[in-house]
Amino acid sequence: MVARAGRRVYPLGLHYASLRNGTANSYLLYHAVRRSLGLFRDGTPVPWVSYLFPPEILASYRLTPLIPEVAATTLGGFSLVRDRLDGAVNRLPLSRDVCSYHRVALAGVQEGLIPPPTICLGTSPLCVGKEMFMEQVAADYGVPFRHIRVPVPPDEGPTPDDDVQDVAQQLRRVHEDLGAATGRRPDLDRAVRLSNRAVDAWNRLAQARVEGEVIVGGREAFGLTFLSQILWGTEAGARGFEKLLSERGRSDLMPRGFADEQGGASRGGRLRLRRQGASAAEAPALGSKARLLWLHTVPHYDPTLFSLIAEGGAVVVLEEMAQPHADLLDPDDPFSGLARRLVEHPLWGSSARRARLVIELAKRGRIDGVVHFNHWGCRHGVGSVPVLREALREAGIPFVAVDGDALAHESQEGAARQMEAFLELLTSAPRETRTLTSAGA
Ligand code: SF4
């Protein structure tokens, strides 16, 4: 009953906040939550999807995806159901080594806090564990599991066209099959048009962040990547991402501890067109603060690491999860573009490829230090840390890998100590020499 009452009240509060502050984040959050809660209605198709499954394919049928990792994170944030959820997680006959996003999602659906799937749609990126989890859930609930096999991209250069076309063909078939499964008529042209509006806005903001023209906090912006996976291809997605182009629209995305110093809002105003080569004078004043790049996921509830970063004279200005650029889709052949986005995702492929892309982004974004969050149980993320560490050492970019669990509520002391040591090292060196200092902390 508590959960049902919460489902009624929660979107009302989000709607009010969205109207009051007019930011992109609150607008997108409201629409994503409202649609997601609609999945509890009887007879509504509930596609559980891998978090990189192209949202445009679902938007074509006006379907709302349920991304288990996002559902788990949202649910874990509600104190009213936390004890019940924790108890259910502890009773699962699963090793604690399994990624906590999946343990919490499984407990959530078994407790009736997350709607069960009517179909499960997976993609090989980013990890095998997610696909095995999805297959198990599909078997438990007796629903179809469709898996998009995605080849790994080459370490250098574009993916061969044959590989892209193979994935495009699989996506085309899933799109057709969803029509048969739901009895709905597709409108992929509309979904592509709306997606391109959102992606164009996203690209402009991402470019301005990399150039240093606009400061948006890495932790604050992290959720936008997942809101895009729910809303790209919808009218709300297009409008919400376009709001990011105004100063007011991104006013709640300032990094912690930075907003006050800047008078509460970033400079940069409305980003009409990407400006080439912004000079340092145009960029928001970071002063002596170190610019950090955050890799992989973030601790969702425990603010300790980001508080330390703010107090330690640093700012997370970029995050790896947010692709700095996505090509717009060709309305005459959207499946090829969707396929290429999947194959060439920055976190897919070999560790060497991941390291190369991280270094490229760090150099373009004039990054002073790189932080990897070693999410407990994530073999995909943690497995590539030795390669990342070595590549960044060779590039002379300070790096730290901190251990923790993204869904932990309590403060993670080991991670805090690792971060403190790193910040001390980073901020003790003059800014211009920081990137020449090697720190495999
Ligand atoms: S955190 Fe790691 S294991 Fe968990 S879903 Fe993401 S990539 Fe997979």
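1. A word on terms before we start: contact here means heavy atoms within 4.5 Å. With that in hand, have a look at helix 9, residues 188-211, which lies across strand 4 and strand 5. The helix runs at about 140° to strand 5. Please keep in mind throughout that this is a predicted model.

2. For the overall picture, the protein has 18 helices and 7 strands. Buried residues make up 54% of its 441 residues. The accessible surface comes to about 18,700 Å², and 53% of that belongs to carbon and sulfur atoms. Among contacts between residues at least 6 apart in sequence, 77% join residues that are at least 24 apart.

3. Now to the sheet that helix 9 meets through strands 4 and 5. Four strands form an open sheet, and their order is 5-4-6-7 with parallel pairing. Strand 5 (314-319) and strand 7 (399-404) each have a single partner strand, so they stand at the edges and one side of each is left without a neighbour in the sheet. On average, neighbouring strands of this sheet are turned by 30° against each other, direction ignored.

4. The pairing of strand 4 with strand 5 is worth a closer look. Strand 4 covers residues 290-295 and is joined to strand 5 by 5 bridges, the two running parallel. If you would like a place to start on screen, R291 stands opposite V315 in strand 5.

5. Next, the aromatic side chains. The structure holds 8 aromatic pairs. One of them brings us back to helix 9: the ring centres of W202 and F241 are 5.8 Å apart and the planes are at 80°, so this pair is edge-to-face. W202 lies in helix 9 while F241 lies in helix 11 (residues 235-243), so the pair ties together parts that are 39 residues apart in sequence.

6. Are these two partners buried or exposed? W202 has 6% relative accessibility and so counts as buried. F241, at 0% relative accessibility, counts as buried too. The cut-off behind both calls is under 20% relative accessible area.

7. Two further ring features deserve a mention. Y51, F222 and F226 form one aromatic cluster. Which ring does the charged end of K243 sit over? It is the ring of Y27, and the charged end lies 5.0 Å from the ring centre. K243 is also a residue of helix 11, whose span is 235-243, the helix that holds F241.

Conventions: Residues are numbered from 1 along each chain as its sequence is written. This is a predicted model: local features need pLDDT of at least 70, side-chain atom pairs count only at pLDDT 80 or more; totals for chains, interfaces and linings use all residues. Side-chain values use heavy atoms; hydrogens and water are left out. Two strands pair if DSSP finds at least two bridges between them. Axes are lines fitted to C-alpha atoms, for helices over the stretch in contact, and angles run from 0 to 180 degrees between N-to-C directions. Buried means under 20% relative accessible area, exposed over 50%, partly exposed in between (1.4 Å probe, protein chains only). Accessible areas come from the Shrake-Rupley method with a 1.4 Å probe; for residues, only the protein chains shown count as cover. Rings of Phe, Tyr and Trp (its six-membered ring) pair if their centres lie within 6.5 Å; planes under 30 degrees apart count as stacked, over 60 as edge-to-face and the rest as tilted. A charge sits over a ring if NZ of Lys or CZ of Arg is within 6 Å of the ring centre and within 35 degrees of the ring normal.
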